[in-house]
Amino acid sequence: MENKIASIMPLTIIIEATITYINQFFVSGEFCWEMLLSIVLGILISIAYEIDIPKYLNLHSRIPYLSNILTGILISRGSNYIYDLMTKIIQIN
């Protein structure tokens, strides 16, 4: 139970990243092809190499590939974003 509670922070970061992209594409009305390409590449790499941050936190989705897709969205945010996330995860565990 304690590990699941500690996993809330990384999940909130995943949600924040997703909302930021949704805001960029649908609310602000400004299309950024670089951002779209980054998301697509992040998701493809995450699925191809089976990178799954929620699984690392012992969180298992009942929806196939959902964790890989969310991880791909995080990867698409860039190395600084992932470094900060991994630092927080290591501190929690």
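**Exercise 1. Find the buried residues of helix α5.**

*Task:* Work out which residues of α5 are buried.

*Solution.* Go along the helix and pick out the ones that count: Ser-67, Asn-68, Thr-71, Gly-72, Ile-73, Leu-74 and Ser-76 are the buried residues of α5. Keep in mind that you're looking at a predicted model. Now check two of them. Buried means under 20% relative accessible area. Ser-67 has 8%, so it counts as buried. Ile-73 has 11%, so it makes the cut too.

Here's a handy bit of background: an α-helix has 3.6 residues a turn, so residues three or four places apart point the same way.

**Exercise 2. Follow two of those residues to their contacts.**

*Task:* Say what Ser-67 and Ile-73 touch, leaving out residues up to four places away in sequence.

*Solution.* Start with Ser-67, which sits in helix α5. Its contacts are Asp-52, Pro-54 and Ser-61. Next comes Ile-73, also found in helix α5. This residue is in contact with Ala-17, Thr-18, Tyr-21 and Ile-43. For one more reference point, take Ile-15: from Ile-73 the C-alpha to C-alpha distance is 9.7 Å, although 58 residues of sequence separate the two.

**Exercise 3. Describe the largest pocket.**

*Task:* Give the volume of the largest pocket and describe its lining.

*Solution.* First, the volume: about 210 Å³. Second, the lining: 13 residues make it up, and those nearest the centre are Asp-52, Lys-55, Tyr-65, Ser-67 and Asn-68. Third, sort the lining by class, and you get six nonpolar, four polar and three charged residues. Last, ask which element gives the largest share of the lining. That's helix α5 (residues 66-76), with three residues. You've met Ser-67 already: it touches Asp-52, and both are named among the residues nearest the pocket's centre.

**Exercise 4. Track down the salt bridge.**

*Task:* Find which side chains meet in a salt bridge, and where they sit in the chain.

*Solution.* Begin with the general idea: side chains of opposite charge can pair when their charged atoms come close. The structure holds one salt bridge. Its partners are Glu-16 and Arg-77, at 3.9 Å from N to O. Now place them: Glu-16 belongs to helix α2 (residues 8-27), while Arg-77 is in the loop between α5 and α6 (79-92), so the pair links distant parts of the chain, 61 residues apart. Are these two buried or partly exposed? Glu-16 has 37% relative accessibility and counts as partly exposed. Arg-77, at 27%, is partly exposed as well. While you're at this spot, look at Gly-78, which follows α5 and has a positive phi, near 115°.

**Exercise 5. Step back to the whole chain.**

*Task:* Sum up the fold pattern and say where the prediction is most and least confident.

*Solution.* Count the elements first: six helices and zero strands. Read along the sequence, that gives α-α-α-α-α-α. Of the chain's 93 residues, 29% count as buried. Then look at contacts between residues at least 6 apart in sequence: 63% of them join residues at least 24 apart.

Finally, confidence. The average pLDDT is 80, and 87% of the residues score at least 70. Helix α3 (residues 33-48) has the highest confidence, at 90, and helix α1 (residues 2-6) the lowest, at a mean of 62. Where pLDDT is low, the predicted coordinates should not be read in detail.

Methods: Residues are numbered from 1 along each chain as its sequence is written. Side-chain values use heavy atoms; hydrogens and water are left out. On a 1 Å grid over the protein atoms alone, a cavity is a set of points where a 1.4 Å probe fits but cannot get out, and a pocket is an open set with protein on both sides within 12 Å along at least five of seven lines; lining residues have an atom within 4 Å of a point. Grid points are joined across faces, edges and corners, and a volume is the space filled by probe spheres set on the points. Helices (H or I, at least four residues) and strands (E, at least two) are DSSP runs, numbered from the N terminus. Ala, Val, Leu, Ile, Met, Phe, Trp, Tyr, Cys and Pro count as nonpolar, Asp, Glu, Lys and Arg as charged, and the others, Gly among them, as polar. A salt bridge is a side-chain nitrogen of Lys or Arg within 4 Å of a carboxyl oxygen of Asp or Glu. Buried means under 20% relative accessible area, exposed over 50%, partly exposed in between (1.4 Å probe, protein chains only). pLDDT is the predictor's confidence in each residue, from 0 to 100. Contact means heavy atoms within 4.5 Å.
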